[in-house]
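Visitor: I'd like to learn how to read a pocket and the ligand in it. Can you walk me through one?

Guide: Sure, let's bring one up.

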Amino acid sequence: MAATRTFSIIKPDATRRNLTGAVTKMLEEAGLRVVASKRIQMTREQAEGFYAVHKERPFFGDLVEFMISGPVVVQVLEGEDAVKRNRDVMGATNPSDAAEGTIRKAYAESIEANSVHGSDSDENAKIEIDYFFKPEEIVG
Ligand code: ADP
Ligand code: MG
């Protein structure tokens, strides 16, 4: 099966605790390759646009505040069945439901401050990669 790509964010709770390397190590050990990576401070407009699908949800305002509360690391990950592979190693949204061996089980602080984002479909992966990266920033 051919390699595909997905989009990942190491969220502010993880960058604050100096876990960029630890999280990336778990992604790599899961068979994903980092083909683009940059540390950024998201603007409010960027965060609102990125999470627009959730704008009617009660947690939307807090989620945006959290995502701009510190730097994040946005990444493009490549691997076989990358979207599912990444979702599997991330673990459940709520860390209390996350399986052993997952990033959220190991590091998430709460259902909101859950250390990582990962695209949920190939279609959304492409949209999310294009939201943060120019083609020339991705080197596979
Ligand atoms: P996932 O990140 O696992 O794909 P969702 O797409 O459902 O989860 O939600 C996006 C993000 O919104 C979550 O990762 C988390 O940071 C936050 N979130 C989701 N549900 C809640 C909730 N009930 N309360 C607070 N924050 C939430
Ligand atoms: Mg999601």
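Visitor: Which element gives the most to the lining of the largest pocket?

Guide: Keep in mind that this is a predicted model. Rolling a probe the size of a water molecule over the atoms shows where empty space is left. Here, α7 is the top contributor to the lining of the largest pocket, giving 4 residues. The pocket's volume is about 680 Å³. Its lining counts 26 residues, and Y51, V53, H54, L63 and H117 are the closest to the centre. Elements giving two or more residues to that lining are α3 (44-50), α4 (60-67), α5 (82-90), β4 (116-118) and α7 (122-132).

Visitor: How many nonpolar, polar and charged residues does the lining have?

Guide: The split is 11 nonpolar, 7 polar and 8 charged.

Visitor: And where does ligand 1 sit?

Guide: In the largest pocket. Around ligand 1 you'll find K11, H54, F59, L63, R87, T93, R104, I111, E112 and N114. By class, that shell has 3 nonpolar, 3 polar and 4 charged residues.

Visitor: Which atoms lie 2.5 Å, 2.8 Å or 2.9 Å from an oxygen atom of ligand 1?

Guide: For polar contacts, look at N and O pairs within 3.5 Å. T93 places a polar side-chain atom 2.5 Å from a ligand 1 oxygen. With E112 the partner is a backbone N or O atom, at 2.8 Å from an oxygen of ligand 1. For N114, a side-chain N or O atom is 2.9 Å from a ligand 1 oxygen.

Visitor: What share of the accessible area of ligand 1 does the protein cover?

Guide: On its own, ligand 1 has 530 Å² of accessible area, and the protein covers 79% of that.

Technical notes. Residues are numbered from 1 along each chain as its sequence is written. Chains are lettered from A and ligands numbered from 1 in the order in which they are written. This is a predicted model: local features need pLDDT of at least 70, side-chain atom pairs count only at pLDDT 80 or more; totals for chains, interfaces and linings use all residues. Side-chain values use heavy atoms; hydrogens and water are left out. On a 1 Å grid over the protein atoms alone, a cavity is a set of points where a 1.4 Å probe fits but cannot get out, and a pocket is an open set with protein on both sides within 12 Å along at least five of seven lines; lining residues have an atom within 4 Å of a point. Grid points are joined across faces, edges and corners, and a volume is the space filled by probe spheres set on the points. Ala, Val, Leu, Ile, Met, Phe, Trp, Tyr, Cys and Pro count as nonpolar, Asp, Glu, Lys and Arg as charged, and the others, Gly among them, as polar. A residue is near a molecule or strand if one of its heavy atoms lies within 4 Å of it. A polar contact is a pair of N or O atoms within 3.5 Å; within protein, one must be able to donate a hydrogen and the other to accept it, and residues adjacent in sequence count only if both atoms are side-chain atoms. Accessible areas come from the Shrake-Rupley method with a 1.4 Å probe; for residues, only the protein chains shown count as cover. A molecule sits in a cavity or pocket if more than half of its atoms lie within 2 Å of its grid points.
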